[in-house]
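Dear colleague,

I am passing on the structure below, and after it you will find my notes on what turned up when I went through it. Please read them with the coordinates open beside you.

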Amino acid sequence: MSADPSAAVSAPVRAPRRRRRAGRVPVALLVPAVLGLLLLVLPLAGLLVRAPWTTLPRRLAEPGVLTALGLSVQTATMATVVCLVLGVPLAWLLARVDFPGKRVVRALVTVPLVLPPVVGGVALLLVFGRKGILGAWLDSAFGITLPFTTAGVVLAEAFVAMPFLVIAVEGALRAADSRYEEAAATLGAGRWTTFTRVTLPLVAPGIAAGAVLCWARALGEFGATITFAGNFPGRTQTMPLAVYLALETDLEAAIVLSLVLLVVSVVILAGLRDRWISSP
Amino acid sequence: MTVLDAHLVVERETFRLDVPLRIAAGEVVALLGPNGAGKTTALRALAGLRPLTAGHVTLDGLDLDRPGSRLWTPVERRRVGVVFQDYLLFPHLSALDNVAFGPRRRGLAKRDARAKAADWLKRMDLTDYAARKPRHLSGGQAQRVALARALAVEPTLLLLDEPLAALDARTRLDTRTELHTHLGEHAGATLLVTHDPLDALILADRLVIIEDGRVVQEGDAAAVTARPRTDYVARLVGLNLFRGHGDGHDVRVGADFPLAVADRVSGEVFAAFPPSAVALHPERPEGSARNTWPATVASVQHNGDNLRVRLDGPIPVAADVTPAAVAQLRLVPGREVWAAVKATQVRAYPV
């Protein structure tokens with residue numbers, strides 16, 4: 001009985017309060033927020049506006065476009081695999097094992113994030129180049145040369161993209177309840193079994209998120225790639241390199257290539273986000 | 001036959017746990033104590049999740065831990081099963097695969113491990129829930145899956161960390177009864193860590209009560225409830241407890257307050273009486289009660305069907321009275337009353 005009138009009173013009171021709160025967004029926050037959004041969206045809109053829509057099908061069918069796109073997707077995927085194989089254990093080490101110099105190691109992992117990619121490319125040349133510290137040995141001992149090859153592209157992309165994966169996975173590992181691993185141990189699981197059977201499934205969403213970031217970064221990689229692997233169509237010329245080259249000769253071609261890159265990134269990011277990243 | 005023989009010493013900066021513990025085959029021991037007493041630390045030390053500073057853990061005649069001779073057995077190689085407080089069922093595995101996890105790690109083929117798990121789920125009455133993920137199980141069901149998972153590795157020592165704490169009151173009642181049955185069937189030693197005296201009294205054969213890292217009292221339910229030795233234990237079992245100097249049928253407690261007791265005593269003693277033995281009167285009572293004193297009502301709280309009145313005065317006591325008495329005596333905080341306790345209801349025993 002007493003619940004009815006109180007509900008009748010509280011309902012109309014609550015509704016206007018919510019509306020008032022929505023209207024109270026300070027202008028000092030709203031204006032920069034909108035400007036920020038424009039800054040992010042306007043260039044992409046420009047790309048769409050200036051796209052040569054009538055000649056688009058013909059331009060897309062040009063062999064150079066598909067070759068570059070294929071190479072980009074291929075190398076970005078391989079670089080992501082390399083990052084997963086090496087980066088997940090590295091993230092585990094940082095999140096779960098105490099060892100001296102851990103802070104230094106964590107700082108080193110993040111260096112490629114702030115390093116200009118061109119500098120990364122130069123550094124890679126010094127180490128893996130034909131006269132480099134490791135490169136000379138690889139060449140003489142196994143006949144393997146990395147610079148200016150597709151493998152070199154993968155190496156350059158992995159160098160630049162790995163920190164994204166390591167940071168994402170380490171964060172996921174730290175957020176995951178490590179007591180599940182203790183529970184696994186009490187059931188007779190050693191550290192390796194615990195890692196594969198319990199830890200990995202628990203942080204799978206974090207690994208997926210890290211892999212997507214890593215893949216996107218690898219797909220867009222330019223500086224380190226062109227420095228370390230050069231710009232050979234079909235071998236090391238990925239989409240960003242093709243865009244840059246086209247810009248000097250044929251603006252419309254550059255726009256078309258950029259558009260393709262944009263669509264591929266957005267489609268894959270959106271697809272993965274719905275499936276893995278957003279679920280808790 | 002003693003299955004577990006342990007002396008757990010764990011030192012942290014401001015805390016030292018020092019608890020000797022022996023458990024026989026088939027025996028259920030409850031480790032009872034207030035928060036921060038070191039119960040969970042003791043459990044983790046037994047499971048191998050926290051290294052001992054000193055002492056030893058010997059299970060079935062085999063040394064697992066002995067820091068003195070640098071001996072330590074990794075968690076995964078101990079025959080110890082653990083039911084964690086919030087169960088820690090693997091969220092990505094079904095109930096069946098959770099239970100099969102242990103047997104599989106102990107070398108059983110996948111099919112055999114799952115058959116064994118199915119068998120355990122059947123014993124827990126959970127066959128219909130075998131395919132469910134933990135998030136689709138109720139609290140009581142999750143508790144039973146956790147118990148099945150711990151028992152499926154056939155542990156020599158079963159450890160339960162507050163096994164009923166995460167359940168609501170109603171589920172707790174049913175689950176406690178079931179747990180009692182399953183613990184009774186466990187052939188190995190069982191250690192139950194809890195802060196709930198009811199869990200301890202119902203589930204355990206013997207109580208070990210620790211406070212601040214040390215054992216303060218040990219014994220079966222009857223012995224502990226009849227003769228509490230610390231304020232914590234007294235409150236746990238619902239008794240008023242005083243320590244004082246006994247001389248004949250008198251015990252001087254608090255600020256030299258004489259308490260008449262039934263037993264003949266001398267020297268340092270404890271005197272205890274239940275809150276139900278305290279009668280309250282508006283005026284100084286005439287009659288047989290040997291102990292009477294003026295008191296002030298400090299608080300009135302619900303306690304089952306009765307009300308528990310806390311009294312300030314020469315000795316602070318709790319009294320259980322009926323709601324009718326509360327109304328009749330107008331017992332509100334600040335009200336002055338007379339308290340009376342018959343000497344025959346006060347038990348005294350040596351410290």
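Let me begin with a single residue: B:Arg70 sits in the loop that runs between strand 5 (62-66) and strand 6 (71-72) of chain B. Please keep in mind throughout that this is a predicted model. The phi angle of B:Arg70 is near 55°, which is a positive value in a residue other than glycine, and with a relative accessible area of 79% this residue is exposed.

A second residue invites the same kind of look, namely B:Tyr87, whose phi is near 70°, again a positive value in a residue other than glycine. B:Tyr87 belongs to the loop between strand 7 (80-83) and helix 2 (95-105) of chain B. Is B:Tyr87 buried or exposed? Its relative accessible area is 7%, and since buried means under 20%, B:Tyr87 counts as buried, whereas B:Arg70, at 79%, is exposed.

Turning to the sheet, three strands of chain B form an open arrangement in the order 12-13-19, with antiparallel pairing. Strand 12 (240-253) and strand 19 (347-350) of chain B stand at the edges and have a single partner strand each, so that one side of each is left without a neighbour in the sheet. Neighbouring strands of this sheet are turned against each other by 45° on average, if direction is ignored. Strand 13 (residues 257-273) and strand 19 of chain B pair in the antiparallel sense over four bridges, and B:Tyr349, in strand 19 of chain B, is the bridge partner of B:Phe270.

As for the chain as a whole, the secondary structure of chain B comes to nine helices and 19 strands, and its C-alpha atoms fill a box of roughly 80 × 50 × 35 Å, taken along the principal axes. Chain B has 351 residues, of which 51% count as buried, while its accessible surface comes to about 16200 Å², with 48% of that belonging to carbon and sulfur atoms. Where contacts in chain B link residues at least 6 apart in sequence, 63% of them join residues at least 24 apart.

Finally, in case you intend to look at the electrostatics, chain B carries 44 positive and 41 negative side chains, and the centres of these two sets lie 5 Å apart.

With best regards

Key: Residues numbered from 1 in each chain as written. Chains lettered and ligands numbered in written order. Heavy atoms only, no water. Helix = DSSP H or I, 4+ residues; strand = E, 2+ residues; numbered from the N terminus. Buried < 20%, exposed > 50% of the residue type's maximum accessible area, 1.4 Å probe, protein only. Contact = heavy atoms within 4.5 Å. Areas by Shrake-Rupley, 256 points an atom, 1.4 Å probe, with all protein chains shown as cover. Lys, Arg positive; Asp, Glu negative; His and termini not counted. Charge placed at Lys NZ, Arg CZ, Asp CG, Glu CD. Pairing = 2+ DSSP bridges. Axes fitted to C-alpha atoms, helices over the stretch in contact; angles between N-to-C directions.
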